[in-house]
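Here is a short report on a two-chain model. Keep the viewer open while reading.

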Amino acid sequence: MRKKKMSDNKRTRLLVLFLCVVLISSLLIGCKSRGDKETSSVPMGRYMEQELELPEEYQESHIISILSNVDNELEVYLATATTMIALIYDGESWTEKTISWINNIDQNKYMIYKVILGKDNQYYLITVDYSSGEYQYMIYKEDGELAQKLEIPWLETKTEDYKGEMSYPNVEDIQVLEDGTLVILPSIYGESVNMFDPSTGELIQDYSLIAPVAVSNQDLIGYSTDQQKLLRMDKSGRETASYVYDAVLDNSLIQEVDGNIYSLNSAGVSVLQKDGSLWQTIVEGGLTTLSDQTMVFQELAVMEKEKAAYAVLAYDSQYNIKLYYYQFDENVASIPSTQMNVYSLYLNPTIRQAIIKYQSEHPDVLINYTYAIENGEASNANLSDTIRALNTELLAGNGADILVLDGLPRDSYVEKGVLEDISDRIKPLVDDETLNKNIMQNYLSDSSCYYVPLRFQVPLAYGNKQVVEAMPSLDAMIALLENKDVTGLFNNIGAENFANLFWALYSKELVTDEKTINEEILGKYLDMLQLLMEKLGEENIFNFGTSQLQVDNAIELDRGFSMYFGENNKSETFVEQLLSLSDSQVTLAGAREVGMYYDTFDNQYIESGLVGINKASKNKELAKEFLAYLLGDKVQSSTAFDGFPVNAKALDGVMNEVDTLQGMSIAIDTEIRQIEAPDEKQVKELYDKIKELDNPISYDCMLSSLVIDQVKDFLEDKVSKEEAVQNIMNVAKGYLAE
Amino acid sequence: MKMGMSKYFKTKRARKETILGFVFLLPSFLGVSIFVLIPFIDAVRRSFSETMTRRFVGLENYRLVFANEAFKLAAKNTGKFLLICIPLLLLLSLFFSVLLFSIGGLQNVIKTTFLIPMVIPAASIVLLWRVFFDEYGMLNKIIVHFGGSGTDWMNSSKAFYILVFTYIWKNIGYDIILWLAGLNGISQSVYEAASVDGAGTFTKFIYITLPNLMSTLFIVTVLSLINSFKVFREAYLIAGDYPHESIYMLQHVFNNWFTNLDIQKMCAGAVLVAITLLTVIIGIQKLTGSDKEEVL
């Protein structure tokens, strides 16, 4: 009996031992590196993007429409100054096509803005009669050599619009079924798609669908907001099928070709095969310009041939029309062989645009761009957590290859050796004056350089000369405010905003190199704020001030730097933060029209897009190459509305684009003020000031928010000046001592 | 020591039981090693080296920490917090536990009431505190209603006392349970014998209850000390990375050093705190006599 028990025990132990061995072995197998056994065969073939250039003689023309013709070739419709032209692209070369039927329309009276090929294989176009100033839309159909106007009573009936005025209906897009039935989409936002009888022109169906909209031979396909799906509806208004669709609707297009539904959006071009249920990506958006969120897609042409091709017509961020062509290249790897990572706290528009351009020029490189905080919204706790997560990666020797240091502890990263010395790439560019020497000298020491800005922004004051001249100096401001008769002060934007503005302007004096607050200067700063608020009155104190690091995708300082009211008033002073040349129009109009004086703050500028390379990067050379690309003409010349270029040639180019400024109109209360574009002389004067900028505003958001909390108590008379100084010193001491 | 250990290996049976004991200990030892010991050894190593290059720098990081004003302020505040909170919590919880021990029927209900703050999540407490202690919160409204003037509780030196209150409020129930366990361990016959000898309630408390609670005192103190570091969650969620200087604790400075990638300073600071805590715990162990091996 005892023997049997012992033998059972032995068996149990053996079983436990066996199970342990199995468990440990499977764990170890899971940890095994798979690097060695990877096969050398790389999947090949990818749709490659090509920005189509029109033949030289048509380059001044404006592209109106694109479509895929009956031969499955790309047809492009262009408007010249006097006539319309159609070109056919077969994938290699261009040929001109006669379109006398279109040119029989009086183009001085009617503006043609879209040409389509219906499912009945007939051409149609949309024109708008702007001669009477009433913008009446009309639809024409090709009829041999002539254009035949479709009589649609609905288009000729005025209805009350959203402003309460009587106007003709809008036509955003048209589609035609196989039997000639006409489908009109009045607006991409409205929930109505109308279907008209081809013979009588009468409305036969009104569908509650929104864009994107397409037609098959007999059905209409559109998006239903109720069902949140694409619906296929027949002519009787009956739903015959539905498809899952997940995309940003107001920038998506769909097309139906031979039963397949093609979709275009920032994720790329995808297809839902006939009777299928899954969308397959054909053209990967992330590897092409299609992922550029600023692109507004106009038209998609699907050329279903032996080798399919796709064409996309879109407006870019500067409202330039672009035509992209996508062809399959079997000699290119499906996924780029080299990958690089870029990290930033906030979305940097310059970098985003540059990545798209760089990838299209380097098909073998994929750049993954991660920005941690969406829309610039983050509490301090989230921000700290995000930075700590990045630090953990950096400590482990990982992290992105390129770091955008806006909002990150950049000095600490330099001190700890996180960043690679990039002086070998930057110094030659500064020496040969490719990069703006005044700006770049702040980032170059004798032997090293760890990060550089991609852009710089220009804070300036405009209005009363006396005030503008006094602003850069704290003593001059106090002297000015102590003068009883002083006029031309600021519009009251709230004490918190003023406190932020002047903390940033005087931060170099307030915070010493020894990382302490200069008590004497702090006292003066509080005196100046108190004097200012007394002069401006108590109204609006602390009514709308918030510390905000990022506004509309651009790193900006607090709201004190945007007193953007557009008033044309020499007896008041305003502060503006210029992100692009067009931002200067209000300032320069004030200077031109009523003699407003403007100047920068002692040549101070605001850094934007500080870029450094991770020392632990495995792609250092590629990262350096991309950095050079970011600082090169191509990227720097494009406008991303996040600052002026640091590339000297690109800055010259931007400042010479006076003719691109078209003036603007701004609403001030109930009035609309028209602002004319500045002339060359004015822009030249501004350029001279911008070229002189050489002093970065050293601004610490966290410190300023800690200080402003205490300033608030002082300005609200809760504490005396001495107490406020002491409180600020205490608060700042801990922070600066860390 | 040798003699002490040898009894565990003297006989075959003792040896077998000792080995079995180690086998049972192994899983938790592995867990503690992976999640506590090895990271701590790494922190000690980092405290003597540069952050990224890992170059040995001797005691330089410790010199930096000792010279750092933020660390001094945080250490001062944390020390002050511990010196006020721990004795206060021990006394209050002991008082309530003795009171509870002496009453019968409602003991369970009152115990549960005291324990409720423990199960309230930190985020809810923060929300509650905002409602109460905000500049425009309930407390100020009540004070103003009775003719007083309100104050910004969390942005003034009063924030420290709010934190003390939070700690006591949250941990008193847990400590009461521990004390009650200790009180239950004292034999009733000892009290009865003392009563026969004419001892009053106070005398019994001083000469019977307190000496018998010494081992419980050690446990309660150590756990209260550990729990005191958890109050940082509330301070951080209410006031963020940079709260009022009166509640700027060691965890704040460590957290901010991590954000600035000052890992070397953070590790040196952590080692100093660990040494201090260890010294305090050993001291309490000696004082309460809990270091003496129990005779089997």
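The text below goes through confidence, chain B, the contact between the chains, the cores and some backbone details.

**Confidence**

This is a predicted model. Its scores are ipTM 0.82 and pTM 0.78. Chain B has an average pLDDT of 88. In that chain, 96% of the residues score at least 70. Confidence in chain B is lowest in helix H1 (residues 2–6), with a mean of 61. It is highest in helix H3 (residues 60–67) of chain B, at 94. Where pLDDT is low, the predicted coordinates should not be read in detail.

**Chain B**

Chain B is built from 14 helices and 0 strands. From the N terminus on, every element in the run is therefore α. The C-alpha trace of chain B spans about 65 × 60 × 30 Å along its principal axes. Of the 296 residues in chain B, 26% are buried. Take the contacts in chain B with a separation of 6 or more: residues 24 or more positions apart account for 70% of them.

An unreviewed UniProt entry lists "transmembrane region" for residues 20–41, 81–101, 113–132, 159–184, 205–226 and 263–284 of chain B. How much helix does the model show over residues 159–184 and 205–226 of chain B? The table gives the values.

| Residues of chain B | Helix | Strand | Distance between end C-alpha atoms |
|---|---|---|---|
| 159–184 | 100% | 0% | 38 Å |
| 205–226 | 95% | 0% | 28 Å |

**Where the chains meet**

Chain B puts 21 residues in contact with 22 residues of chain A. Which helices of chain B each supply at least two residues of the side that touches chain A? They are H4 and helix H13 (250–259) of chain B. H13(B) gives the most to that side, with 5 residues. By class, the side of chain B that touches chain A has 10 nonpolar, 7 polar and 4 charged residues.

**Cores**

The largest nonpolar core has 160 residues. A:Phe502 and A:Leu529 have the most contacts inside this core. Helix H4 (residues 69–102) of chain B gives the most to this core, with 11 residues. H4 of chain B also belongs to the side that touches chain A, where it supplies at least two residues.

What does A:Leu529 touch, leaving out residues up to four places away in sequence? Its partners are A:Ala495, A:Phe498, A:Ala499, A:Phe502, A:Val711 and A:Leu715. Apart from the largest nonpolar core lies another core, of 75 residues. Among its members are A:Leu87, A:Ile174, A:Val215 and A:Tyr325.

**Helix H10 of chain A**

Helix H10 of chain A covers residues 495–505. Is H10(A) mostly covered or mostly open? It is mostly covered: 11 of its 11 residues are buried. The buried residues of H10(A) include A:Glu496, A:Asn497 and A:Asn500, along with A:Phe498, A:Phe502 and A:Trp503. They pack against H11, H12, strand E33 (574–578) and H18 of chain A.

**Domains of chain A**

The domain assignment of chain A gives domain 1 as 47–335. Domain 2 of chain A is 456–605 + 637–737. The centres of domain 1 and domain 2 of chain A, taken over C-alpha atoms, are separated by 47 Å.

**Backbone details in chain A**

Most residues other than glycine have a negative phi, and most peptide bonds are trans. Some places in chain A deserve a look on that account.

The peptide bond from A:Ala211 to A:Pro212 is cis, with omega near 5°. A:Pro212 sits in strand E16 (residues 210–215) of chain A.

A:Lys515 is not glycine, but its phi is positive, near 60°. A:Lys515 lies in the loop between helix H11 (507–510) and helix H12 (519–536) of chain A. Why is A:Lys515 classed as partly exposed? It has 13 other C-beta atoms within 10 Å, and a residue counts as exposed at 12 or fewer and as buried at 20 or more.

A:Asp717 also has a positive phi near 60°. A:Asp717 is in the loop between helix H18 (701–715) and helix H19 (721–737) of chain A. A:Asp717 counts as exposed, because it has 8 C-beta neighbours inside 10 Å.

Methods
Residues numbered from 1 in each chain as written. Chains lettered and ligands numbered in written order. Predicted model: local features only at pLDDT ≥ 70, side-chain atom pairs only at ≥ 80, totals over all residues. UniProt positions renumbered as here; feature names shortened; annotations may be inferred. Helix = DSSP H or I, 4+ residues; strand = E, 2+ residues; numbered from the N terminus. Core = buried A, V, L, I, M, F, W, Y, C linked by C-beta atoms within 7 Å. Contact = placed C-beta atoms within 7 Å. Nonpolar A, V, L, I, M, F, W, Y, C, P; charged D, E, K, R; others polar. pLDDT = per-residue confidence, 0-100. Domains from an automatic or database assignment.
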